Amino acid sequence: MTVNGLPKNWKRLSLGGLCDRIGVGLAMGITQHYSDSGTMLLRNQNIRPDRFDDREILYLSESFSSTQANKKLRPNDVITVRTGAKIGDTCVVPAKYAGSLTFTTLIASPKSEALCSEYLSFYVNSHFGRAEVNRLMAGGGKGNLNSGELKKFQLLIPPYPEQVKIATILSTWDLAIELTEKLIAAKQKRKQAFMQQLLSGKVRFAGFTEKWKSIKAGEIFKPVSDKSHPDERVLSVTQDMGVVYRDEMERKIGMNMDTTGSYKLVEPGDFVISLRSFQGGLEMSRVRGIVSPAYHVIRPVIEIDFDFFRHFFKSYEFVGRLAVAVIGIRDGKQINYEDFGFLKFRFPPIEEQRAISGVLSAAERELGVLHEKVSVLKRQKNGLMQQLLTGKVRVNVDTETVKG
């Protein structure tokens, strides 16, 4: 049921009337007051949407902090990034950080029994909350949000008990997302340890005793430059997704299709090299297509396990060796294939390559499942926010049920 276009008992109010305080944190010129201990300083990097990140906490001297008492955080305060790329990101300050100071943030202190802090955080981080932030910034031509604008922030407000219930429901999804992301971080760390140990030969599987050969990359791979295939699909080489079809990327890249006749053909199993910045830059292709002539395309000339080398080219072992080989000679410039071909690798027998890649690929698949789980949880949360924060779906504050 709606009244004047709003859900029954809901109101549309400005944030300024719902808070005891809306202000700003500290501004520039505080670095001279940094200290090894004292009053904690919270910054933009500590604010994630609906979540506080405590990995990087700085401190300010007590002598300086004592002069800033009116800017210190109170229990249940909500802080918002007011400038930069994360503008609008909002979270509730955990109770243990009451008394802290903030840098380049907005501070809102909701009135007791009028506005639930967690509800406010969820609302500002929702897509309609972001739209309201953009509305308040429009016309100013500036990349920051001030306290006067935040006071004018319009939001839908249900009765306080319903605010609390909505925030509790959404917090359940946040907890599941946070726990899954922590699991991903732990498993990524474990995978990196596996890579460092297995791809360097420091740890070997039982049953493999044959000595690893030392062999140049140029004896394993050969460069190929097969051109004049303008009808093939164009590929993009990415560090996060590998070699993918350019027309399937979410971020479209403009290009002149008249020039693709000079592009190089890539077959499944080929590796594509863009050796810049010494970050590895080698990606295995599982698809057929063409790439810019700026890339090197290499193909194995002896039997290898493709996934072994796919993992190896991402390892510290390879990236470190590449950096040592070329740093100071062609820093920041394109590396010739000859530079790559001259590098020597410790080359395990093919069966051991397969055993190693099997473990690493299994760990990779496990991470993929967890990343998909996070994506699903975030989509579910966004759907709930759309329904709950607008009153399209109402919660029953006396039970665990949700009413449509």
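This passage walks through the fold of one protein chain, from the overall numbers down to a few single residues.

The structure is a predicted model. In total, the protein chain has ten helices and 26 strands. Of its 404 residues, 46% count as buried. The chain exposes about 20,700 Å², and 52% of that comes from carbon and sulfur atoms. How far apart in sequence are the residues that touch? If contacts between residues at least 6 apart in sequence are taken, 76% of them join residues at least 24 apart.

A good place to zoom in is the pair of helices α2 and α3. Helix α2 covers residues 117-125, and helix α3 covers residues 127-137. Their axes come within 4 Å and cross at roughly 75°. Angles of 65 to 115 degrees count as roughly perpendicular, so that label fits α2 and α3. On the α2 side, the residues that meet α3 are Y123, V124 and N125. Their counterparts in α3 are H127, F128, G129, R130 and V133. Sorted by class, this contact brings together four nonpolar, three polar and one charged residues.

Is α2 mostly covered or mostly open? Mostly covered, as eight of its nine residues are buried. The buried set consists of S117, Y119, L120, S121, F122, Y123, V124 and N125. That list takes in Y123, V124 and N125, the residues through which α2 meets α3.

Over in α3 sits E132. This residue has a relative accessibility of 11%, and buried means under 20%, so E132 counts as buried. Which residues does E132 touch, once its neighbours within four places in sequence are left aside? The contacts are K152, F153 and Q154.

F153 turns up again in the surroundings of L15. L15 lies in the loop between β3 (11-14) and β4 (19-24), and at 2% relative accessibility this leucine counts as buried. Along the chain, L15 and F153 are 138 residues apart, but their C-alpha atoms are separated by 5.3 Å. With neighbours within four places in sequence set aside, the contacts of L15 are I22, L115, L120, L150, K151, F153 and L155. One of these, L120, is also among the buried residues of α2. F153, then, is in contact with L15 and also with E132.

Next come the sheets. Strands of a sheet pair through backbone hydrogen bonds, and the pairing can be parallel or antiparallel. One open sheet has four strands in the order β16-β23-β20-β21, with antiparallel pairing. Which strands stand at its edges? Those are β16 (221-224) and β21 (282-284). Each has a single partner strand, so one side of each is left without a neighbour in the sheet. Ignoring direction, neighbouring strands here are turned by 30° against each other on average. At one end of the order, strand β20 (residues 271-273) and β21 pair in the antiparallel sense over three bridges. One residue pair to look up in the model is V272 and its bridge partner E283 in β21.

Another open sheet is also built from four strands, in the order β5-β9-β6-β12. Here the pairing is mixed. The edge strands are β5 (34-35) and β12, and each of them pairs on one side only. β5 and strand β9 (residues 58-60) pair in the antiparallel sense over two bridges. Within that sheet, S35 stands opposite Y59 in β9.

Finally, two loop residues deserve a look for their backbone angles. Most residues other than glycine have a negative phi. D50 has a phi near 65°, a positive value in a residue other than glycine. The place of D50 is the loop between β7 (47-48) and β8 (51-52). What about T104? This residue has a positive phi of about 50° and is not a glycine either. T104 is found in the loop between β12 (101-102) and β13 (105-110), so one flanking strand, β12, is an edge strand of the mixed sheet described above. Are these two loop residues buried or exposed? D50 is buried, with a relative accessible area of 15%, and T104 is buried with a relative accessible area of 15% as well.

How values were computed: Residues are numbered from 1 along each chain as its sequence is written. This is a predicted model: local features need pLDDT of at least 70, side-chain atom pairs count only at pLDDT 80 or more; totals for chains, interfaces and linings use all residues. Side-chain values use heavy atoms; hydrogens and water are left out. Buried means under 20% relative accessible area, exposed over 50%, partly exposed in between (1.4 Å probe, protein chains only). Contact means heavy atoms within 4.5 Å. Accessible areas come from the Shrake-Rupley method with a 1.4 Å probe; for residues, only the protein chains shown count as cover. Axes are lines fitted to C-alpha atoms, for helices over the stretch in contact, and angles run from 0 to 180 degrees between N-to-C directions. Angles under 35 degrees count as roughly parallel, over 145 as roughly antiparallel, 65 to 115 as roughly perpendicular and the rest as oblique. Ala, Val, Leu, Ile, Met, Phe, Trp, Tyr, Cys and Pro count as nonpolar, Asp, Glu, Lys and Arg as charged, and the others, Gly among them, as polar. Two strands pair if DSSP finds at least two bridges between them.
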